[in-house]
Amino acid sequence: MRSSDVTAPIFDLLQQQLAPVDSADQPHAPNAPVRSLGLSHGVLVLEVQPSALLAVVRRLKGEFAFDVFLDVTAVDWPDDALRFEVVRHFYSTTHKVRVRLKERVSEAEPLVDTLIDLYGSAHYMERECHDMYGIRFRGNDDLRPILLYEGFQGHPLRKDYPKQKEQPLVPYRPPQGALVR
Amino acid sequence: MLPPIPNTVRSSIITHERDDTVIVNIGPSHPATHGTVQIIAELDGEKVLRTDVHCGYLHRGFEKECEDHTWHNLIPYVDRLNYCSALINDFTYCDAVEQMMGVTITPRTKYLRTLLSEYSRLCDHLTCVAASVMELGAMTAFLYLVTVRDFMYEHLAALTGARVTYSYGRIGGLAQDVPAGWFKRLEEILKEYETYVERVHGLVDRNRIFIDRMRNVGTITTADALHWGFTGPILRSTGVARDLRKDAPYLAYAELDFDVPVGIMGDNYDRYYVRMREMDESVYMIRQLMDMMPEGPINVDDRRCVFPEKHLVYTEIESLINHFKLVMEGPAVPAGDIYLAHEAPNGELGFYIVSTGTGTPHKVHVRSPSFVHMGGVHKMLDGYQLADIVTTFGSINMIGGECDR
């Protein structure tokens with residue numbers, strides 16, 4: 001059996017609780033805080049307005065036992081008005097299923113809420129997402145480079161970053177204070 | 001526009017917590033870092049007060065490079081993520097693309113992939129255990145384990161043509177079928193494995209030095225492990241039987257009989273033992289799979305992704321065009337996205353792939369267990385001795401290839 005064939009009861013509950021629909025023939029309004037996009041290969045996909053994210057994640061963790069924050073990344077759609085799609089994956093060791101949260105932000109203000117208060121794993125993954133796409137995480141003031149180095153110019157996974165672009169040479173940095181006391 | 005973040009200094013440890021502490025830099029190039037990782041530690045005597053772990057020294061733009069290649073051409077790149085068990089990366093990636101295309105692999109490929117995944121898990125755990133006992137001075141145990149691993153590498157070279165990075169998976173199948181006599185040699189190697197691993201158990205399990213260095217060192221609780229996103233043997237060493245092969249069976253795992261070994265306290269000794277027990281389970285699974293292995297084709301009959309037979313390419317125009325289109329344009333994967341994870345030796349290896357319907361991916365993101373583990377490793381280093389960094393780091397099995405991508 002493929003994992004995509006699984007329909008867990010928790011998904012129905014999540015859709016009712018997090019993305020309620022008024023009536024069957026009235027789908028979600030486009031600007032509803034949470035919209036369900038249904039199942040995608042065994043993962044429940046919810047589209048969340050950036051303002052509603054923290055509340056949704058708190059409920060996911062507190063009420064529905066999604067105890068592992070697996071991953072955060074972004075997808076660059078250069079032609080869209082809201083250019084970046086920030087994608088997060090959560091896993092529940094109780095229900096053994098995953099949920100994907102998507103939110104859209106613009107290039108001018110690529111700002112979403114951080115999850116470091118809820119999940120420790122968010123620290124490193126948000127740093128990577130900032131490295132690669134320049135997404136800012138409100139409340140996470142440690143967005144130091146992690147896979148890149150300080151002085152790297154630009155965000156390499158953005159579609160307008162040329163693959164062959166060369167970076168300027170890093171000038172010599174004397175050892176930092178604490179290491180040469 | 002948001003104001004830019006200033007070019008920050010590398011370490012978060014720039015001021016001393018107390019007046020009598022020392023800040024030291026370990027790595028990035030150090031024999032115990034298994035590649036390149038930098039640890040900046042504040043010490044009180046020999047005791048580690050806090051650490052700041054930095055990875056990224058092996059970053060080579062894997063995800064950017066994937067966006068410039070056809071779906072097939074990036075399989076060799078995928079191999080180089082976790083180079084200790086390259087086949088599992090191959091199969092996870094191929095499985096994700098196949099699910100997007102709606103391709104169902106043939107029964108023989110399904111069982112072969114399961115068998116080779118477990119074989120790779122053996123290689124990976126052998127490497128990890130061998131390296132971590134060697135760092136404690138157990139040279140004999142190291143050589144025993146690496147001897148077996150070398151039998152396996154040579155054996156895999158007979159199948160794939162390469163010892164470490166195989167490029168053996170294909171979308172819709174495998175590169176080629178198993179050569180004659182391969183399973184017979186596999187049985188011999190499994191017997192060798194049992195001989196050598198028994199000796200390793202005898203050498204280290206109740207060894208006073210080994211226990212003193214491993215027991216109650218690098219301990220992590222279940223709650224912390226989940227909070228920091230740990231998966232795989234590290235999470236199982238804390239007592240949680242969380243294993244994707246059981247929880248969401250993929251490939252042929254639903255038909256196999258196997259246990260998920262767990263630890264008790266989540267320390268270095270438990271991680272060593274969980275890995276040793278997992279290897280035994282892998283051997284048990286490989287033996288079942290050899291009995292189950294069906295005959296039949298290894299590639300699906302689907303011209304969207306599988307290359308036509310070479311003799312047809314040279315003799316008929318349709319196959320020539322088919323071959324040309326697959327090489328030049330790549331297989332057309334329907335638009336959409338998928339997150340698919342397999343249980344890799346280090347934990348959950350996930351691929352988040354976005355397609356726009358063309359022959360090249362729009363995005364290939366890897367959720368690599370090593371990278372997430374590096375984010376929480378300070379929980380296992382702080383409060384122990386400086387020398388314990390080496391043992392704890394060895395038991396995590398950080399692989400630079402998949403951590404830094």
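This briefing walks through a two-chain structure, from the interface to chain A and then to the helices and sheets of chain B. Keep in mind that it's a predicted model. At the interface, 50 residues of chain B are in contact with 44 residues of chain A. Some of the elements of chain B that turn up there come back further down, among them β6, β7 and β8.

**Where the chains meet**

- On the chain B side, seven stretches each supply at least two residues: β1 (22-26), α1 (62-66), α8 (222-227), β6 (336-344), β7 (347-355), β8 (363-367) and α14 (369-376).
- The top contributor on that side is α14(B), which puts in five residues.
- By residue class, the side of chain B that touches chain A splits into 22 nonpolar, 17 polar and 11 charged residues.

**Chain A at a glance**

- Chain A is built with three helices and seven strands, and going along the sequence they come in the pattern α-β-β-α-β-β-β-β-α-β.
- Chain A has 181 residues, and 37% of them count as buried.
- Take the contacts in chain A with a separation of 6 or more: 50% of those link residues 24 or more positions apart.

**A helix pair in chain B**

- Two packed helices are described by the angle between their axes and the distance between the axes.
- For helix α4 (residues 107-134) and helix α5 (residues 139-160) of chain B, the angle is about 160 degrees and the axes are 8 Å apart.
- Angles over 145 degrees count as roughly antiparallel, so that is the label for α4(B) relative to α5(B).
- The crossing of α4(B) and α5(B) is left-handed.
- From α4(B), the residues making the contact include B:Y119, B:L122, B:L126 and B:V133; from α5(B), they include B:F142, B:L145, B:V148 and B:R149.
- The contact of α4(B) with α5(B) breaks down into 15 nonpolar residues, one polar and one charged.

**The β6-β7-β8 sheet of chain B**

- Here three strands make an open, antiparallel sheet in the order β6-β7-β8.
- β6 and β8 of chain B sit at the edges, each pairing on one side only.
- On average, neighbouring strands of this sheet are turned by 15 degrees against each other, direction ignored.
- β6(B) and β7(B) are joined by nine bridges, and B:L340 is found opposite B:F351 in β7(B).
- β7(B) and β8(B) are joined by five bridges, with B:V354 standing opposite B:K363 in β8(B).
- Helix α3 (residues 86-101) of chain B lies across β6 and β7 of chain B, and runs at about 150 degrees to β6(B).
- Although β8 of chain B is an edge strand, five of the five residues of β8(B) are buried, so this strand is largely enclosed by the rest of the structure.
- B:K363, B:H365 and B:R367 point one way from β8(B), while B:V364 and B:V366 point the other way. All of these are buried.

**The β1-β2-β3 sheet of chain B**

- Another open sheet of three strands has the order β1-β2-β3, again with antiparallel pairing.
- The edges are β1 and β3 (47-54) of chain B, and each pairs on one side only.
- Neighbouring strands of this sheet are turned by 20 degrees against each other on average, direction ignored.
- β1(B) pairs with strand β2 (residues 38-44) of chain B over five bridges, in the antiparallel sense.
- If you want a marker for that pairing, B:V22 stands opposite B:L43 in β2(B).

How values were computed. Residues are numbered from 1 along each chain as its sequence is written. Chains are lettered from A and ligands numbered from 1 in the order in which they are written. This is a predicted model: local features need pLDDT of at least 70, side-chain atom pairs count only at pLDDT 80 or more; totals for chains, interfaces and linings use all residues. Two residues are in contact if their C-beta atoms, placed from the backbone, lie within 7 Å. Helices (H or I, at least four residues) and strands (E, at least two) are DSSP runs, numbered from the N terminus. Ala, Val, Leu, Ile, Met, Phe, Trp, Tyr, Cys and Pro count as nonpolar, Asp, Glu, Lys and Arg as charged, and the others, Gly among them, as polar. A residue is buried if 20 or more other C-beta atoms lie within 10 Å of its own, exposed if 12 or fewer, and partly exposed in between; C-beta atoms are placed from the backbone. Axes are lines fitted to C-alpha atoms, for helices over the stretch in contact, and angles run from 0 to 180 degrees between N-to-C directions. Angles under 35 degrees count as roughly parallel, over 145 as roughly antiparallel, 65 to 115 as roughly perpendicular and the rest as oblique. A crossing is left-handed if the near helix is turned anticlockwise from the far one by less than a right angle, and right-handed if clockwise. Two strands pair if DSSP finds at least two bridges between them.
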